[in-house]
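Hi,

Here is the model we talked about, with sequence and coordinates together. My notes on it follow underneath, so have a look first and then read on.

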Amino acid sequence: MSAPLDTVKHAEETPKADLPWAELGLKEDEYARIRDILGRRPTGAELAMYSVMWSEHCSYKSSKVHLRQFGEKAPTEGPGAEAMLVGIGEQAGVVDVGQGYAVTFKVESHNHPSYVEPYQGAATGIGGIVRDIIAMGARPVAVMDPLRFGAADHPDTKRVLPGVVAGIGGYGNCLGLPNIGGEVVFDACYQGNPLVNALCVGVMKHEDIHLAKAAGTGNKVILYGARTGGDGIGGASILASETFETVSDSGSATGVGKPAKRPAVQVGDPFQEKLLIECTLEAFHAGLVVGIQDLGAAGLSCATSELASNGSGGMRVELDDVPLRDSSLSPEEILMSESQERMCAVVEPGNVERFLAICEKWEVTATVVGEVTDGDRLEIFWHGEKIVDVDPKTVAHEGPVYERPYARPDWQDDLQADDPAKLPRPADGDELRAAVLALVSSPNQAAKSWVTDQYDRYVLGDTVLAQPEDGGMIRIDAGTGLGVAVSTDGNSRYAKLDPYEGARLALAESYRNVAATGARPLAVTDCLNFGSPEDPAAMWQFAQATRGLADACLELGTPVTGGNVSLYNQTGGAAIHPTPVVGVLGVIDDVARRTPMAFREEGHLIYLLGETREELGGSAWSQVAHGHLGGRPPRVDLERERLLADILISASRDGMVDAAHDVSDGGVIQALAESCLKGGNGARVVVPDGLDPFVFLFSESQGRALVAVPRSEELRFADMCAVRGLPAARVGVVDGEALEVQGQFALPLDELRRAHERTLPELFA
Amino acid sequence: MTTRIGVVTFPGSLDDSDARRAIGLAGGDPVALWHRDKDLRQVDAVVLPGGFSYGDYLRCGAIARFSPVMATVIEQAKAGMPVLGICNGFQVLCESHLLPGALTRNDHLHFVCRDQRLRVESADTAWTSDYERGQEITVPLKNGEGGYVADERTLDELEAEGRVAFRYLGGNPNGSRRDIAGITNEAGNVVGLMPHPEHAVEALTGPTTDGLGFFTSAVKKLVTS
């Protein structure tokens, strides 16, 4: 330790000292603004805090102006609007689901860490989202993971996918949270930039909702959980907020003005997190918590500044009291560390002893590191000297906001003009049969059990539906049968063709999936994965998609409760397809009424709900058969989606259908194959009059679902559809040991199953 | 009088609430036991649930074995109290030497969660008397270290003495020697298995209700004894 400690006093005395603001990811004008706010140069510790909190990942500086629409266009009436208890801005949104219960859910990205170190990146992604949920006062009850990888047969995918899957399983399984859904999608556009999103659902009683704030002068600030180490320093600012090239060029993340000792990817310990869950919830229930915040991106910098900024007073923190894994850490490193499994609570002085006793019971390290002060400063001390003296609002909430320039890319017209209508199609039954086998065995359409069998879906004993069902469903109350269903969707091929429509399509599919289970869709969380905001084309995609999603949420009456933006998803100049991932939460009064996807009984009649048009732009068939992406995505009609959902929910409630399956990528034939294989029953299917067999089987028109109707219910069901004006065509019957499209082809279930289930094991086992 | 069956919660236990639910559905009175308490609260039987006790650091079940509660469980098990170890609980029983052998990393090196068919090989234990010998049941299996191993002599002995309680059917999911899914001690009061009967007690949430028999077996045995 040769250099003198950079205290506030020292900063005032040495105004001209050089600070490594550029290495920490700050722009020149941002650094100037920090000097302006402070009226002096920042100390090293202050610079560390500002740099991580003003990073793209933490400040949303490029996306903020667009995200405002989710609030401005939020539905003001309908079940979704009425159910909102806590909206955007908190660690996760909270929705009233009735019977005194509230549900909180949120999806987040952990994309960049998962490429650098797949296992730990994916594992700590789960850890982070789970802490967001417990910080709201909720018990986590389920997780799901929307994943995007590069081409399935690319050698690097063999490195990334198994690691990501093992990390999700390794962390989630050890936490004891059922993994009930998610997606696995392959596309070459994710080769250098896989997407690892993680969603968590939590349940609480209304009175248990907690918000992150530090109120009450004299209240103690307690840091508890894992000790602070040197891992993940600059994870948010460097890894998640710059393009990859920048990172690899500079080696790895830097500490303040010196080389990093450890990687920017954090290392997870699920056992510690499990203890953190139990101890946090016990402290909540004992009424010992005034405010709480998890330590995720930007670690202590984020937790202290956000708690103080949200509260009424200031905060004083003694950094020497932070329990360390590595005693050589500098104060800057302690403030920036993203060591996992840590939380920060604000507790009244009289309750500190009881809080610490609960932590001791769960063998969780807990330390008082500061207190709430009157005034409005966040002051942090090291060895008795003041090294931070800031207005916490300027760190946490008043960061820079950019109106990034955006422009419709010049290739967009050509892409849309490249109509799939010209592609050669299967001409007869034999060619259709071959096309079906190619489709169901393609990596994107093949069974995902090789992945999902590595996740525990049974733990906690309340899983009613899990993958490969349309939505995961969890029972909340064993007495009444109240439950929730969640689905995540996002077809980036559609979004590439038209980002505005692509985002609306993502919502439509997720909404439809939830309704297919019998649950009523209520609210939305989103993870917006896009390229660099400094690229006008990627920024245009982001602006379009955000507007599309906000408009669609308003139309469907499902408010966005929270979520996450992940930018800089690109390798060099090549951005990923725009990938808005939309999670929809629905509620069901009695989970015994849920509708599974399997054709469970012979003799049930198969109905196709909705209208089929020739819509092949962005379709799975065009990708599998021709490696083609062009044209327009399928048309979205949200009024139709709402009607379809109403029908599916009524049919479930009144026992009119035995199975329901959303028709989406891969079209009717993919949905038929999945429902047959899940139920172990074949189907005899007739192509409806006036439809070309190929279009009937492979088109991806929206607003459609397949249902299996017991004969005794047929009249009632068909009447309901007719009265409400939903086209419903009887297209077949559950029967036999083969999937047969009459007059075209028959596929024995064994052959279909082999084709569908062998692909992923052959690629990755 | 209802039968009191304790379920131990270690730090890192995950399926403890499921086990308590299963006991309740079987007509028993579930009692939560804490790893630091030596006192078993007058229970008639004990379930060691699944999970990752103490993070499964060192070896699965290796640290749980030394917890205060296990001292009493080991003593009572030797005196004849029914004890069921599920998954991590099975690992704890092996580490405690209440059952022979050990559980090792699955041969394919992946965690596996699936609905598993089993054959009940012994209906003569405290936890299987409600089944018929040879009966086939399906319950969830979920583990990363479920490969049962023991030396050849021990395996021969287990088979000769009818102490293999369950075998895997339809494919060995983890490389267990001789397809062994679960075993019992000589007295038949201590049973350990990797699959999870407590996840197959309700039609709504389990693949079957085949697992309920474990708990009804214990409840009936204790009521009649």
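Let me start in the middle of a sheet in chain A: strand β9 (residues 314-318) and strand β12 (residues 378-382) of chain A run parallel to each other and pair over 4 bridges. Within that pair, A:Arg316 has A:Glu379 of β12(A) as its bridge partner. Keep in mind that this is a predicted model.

The sheet around that pair is open and has 7 strands, in the order β8-β10-β7-β11-β9-β12-β13 (chain A), with mixed pairing. Its edges are β8 (291-294) and β13 (385-390) of chain A; each has a single partner strand, so one side of each is left without a neighbour in the sheet. On average, neighbouring strands here are turned by 20 degrees against each other, direction ignored. Helix α3 (residues 44-53) of chain A lies across β12 and β13 of chain A, at about 35 degrees to β13(A).

Chain A has another open sheet, this one of 6 strands, ordered β1-β2-β3-β6-β4-β5 (chain A) and again with mixed pairing. At the edges stand β1 (84-86) and β5 (179-186) of chain A, and since each pairs with a single strand, one side of each has no neighbour in the sheet. From one strand to the next, the twist averages 25 degrees. β1(A) and strand β2 (residues 93-98) of chain A are antiparallel and share 2 bridges, with A:Val86 opposite A:Val94 in β2(A). Helix α9 (residues 155-175) of chain A lies across β4 (139-149), β5 and β6 (195-205) of chain A, and runs at about 180 degrees to β4(A).

Now the annotated positions. An unreviewed UniProt entry puts a "binding site" at A:Glu108 and A:Asn564. They span 457 residues in sequence, yet their C-alpha atoms are no more than 5.2 Å apart, so they gather at one spot. A:Glu108 is in strand β3 (residues 101-109) of chain A, while A:Asn564 is in strand β18 (residues 560-566) of chain A. Are these residues buried or exposed? A:Glu108 counts as buried, with 25 C-beta neighbours inside 10 Å, and A:Asn564 counts as buried with 23. Leaving aside neighbours within four places in sequence, A:Glu108 is in contact with A:Gly125, A:Gly128, A:Ile129, A:Asn197, A:Ala198, A:Cys527 and A:Asn564. On the same terms, the contacts of A:Asn564 are A:Val107, A:Glu108, A:Ser109 and A:Cys527.

Over in chain B, the UniProt annotation "active site", also from an unreviewed entry, covers B:Cys87, B:His196 and B:Glu198. They span 112 residues in sequence, but no two of their C-alpha atoms are more than 10.9 Å apart, so they too gather at one spot. B:Cys87 is in the loop between β4 (83-86) and α3 (88-95) of chain B, and B:His196 is in the loop between β11 (190-193) and α5 (212-224) of chain B. B:Cys87 is buried, with 29 C-beta neighbours inside 10 Å, and B:His196 is buried with 29 other C-beta atoms within 10 Å.

What does B:Cys87 touch, not counting residues up to four places away in sequence? Its contacts are B:Gly50, B:Asn143, B:Met194 and B:His196. B:His196 touches residues of chain B, including B:Asp15, B:Gly50, B:Cys87 and B:Lys142, and also A:Tyr458 from the other chain.

That brings me to the contact between the chains, which takes 21 residues from chain B and 24 residues from chain A. On the chain B side, the elements giving two or more residues are α1 (16-25), β6 (112-120) and β7 (136-143) of chain B. The residues on that side divide into 8 nonpolar, 8 polar and 5 charged.

Last, the cores. In the largest nonpolar core, of 255 residues, A:Ala345, A:Val484, A:Leu507 and A:Val707 touch the most other members. Helix α22 (residues 536-556) of chain A gives the largest share of this core, 11 residues. Apart from it lies another core, of 65 residues, among them B:Ala22, B:Ile63, B:Val92 and B:Cys94. In soluble globular proteins, nonpolar side chains tend to be buried together.

Cheers

Note on methods:
Residues are numbered from 1 along each chain as its sequence is written. Chains are lettered from A and ligands numbered from 1 in the order in which they are written. This is a predicted model: local features need pLDDT of at least 70, side-chain atom pairs count only at pLDDT 80 or more; totals for chains, interfaces and linings use all residues. UniProt positions are given in the numbering used here, feature names are shortened, and annotations may be inferred rather than shown by experiment. A residue is buried if 20 or more other C-beta atoms lie within 10 Å of its own, exposed if 12 or fewer, and partly exposed in between; C-beta atoms are placed from the backbone. Two residues are in contact if their C-beta atoms, placed from the backbone, lie within 7 Å. Ala, Val, Leu, Ile, Met, Phe, Trp, Tyr, Cys and Pro count as nonpolar, Asp, Glu, Lys and Arg as charged, and the others, Gly among them, as polar. Two strands pair if DSSP finds at least two bridges between them. Axes are lines fitted to C-alpha atoms, for helices over the stretch in contact, and angles run from 0 to 180 degrees between N-to-C directions. A nonpolar core is a set of buried Ala, Val, Leu, Ile, Met, Phe, Trp, Tyr and Cys residues joined through C-beta atoms within 7 Å.
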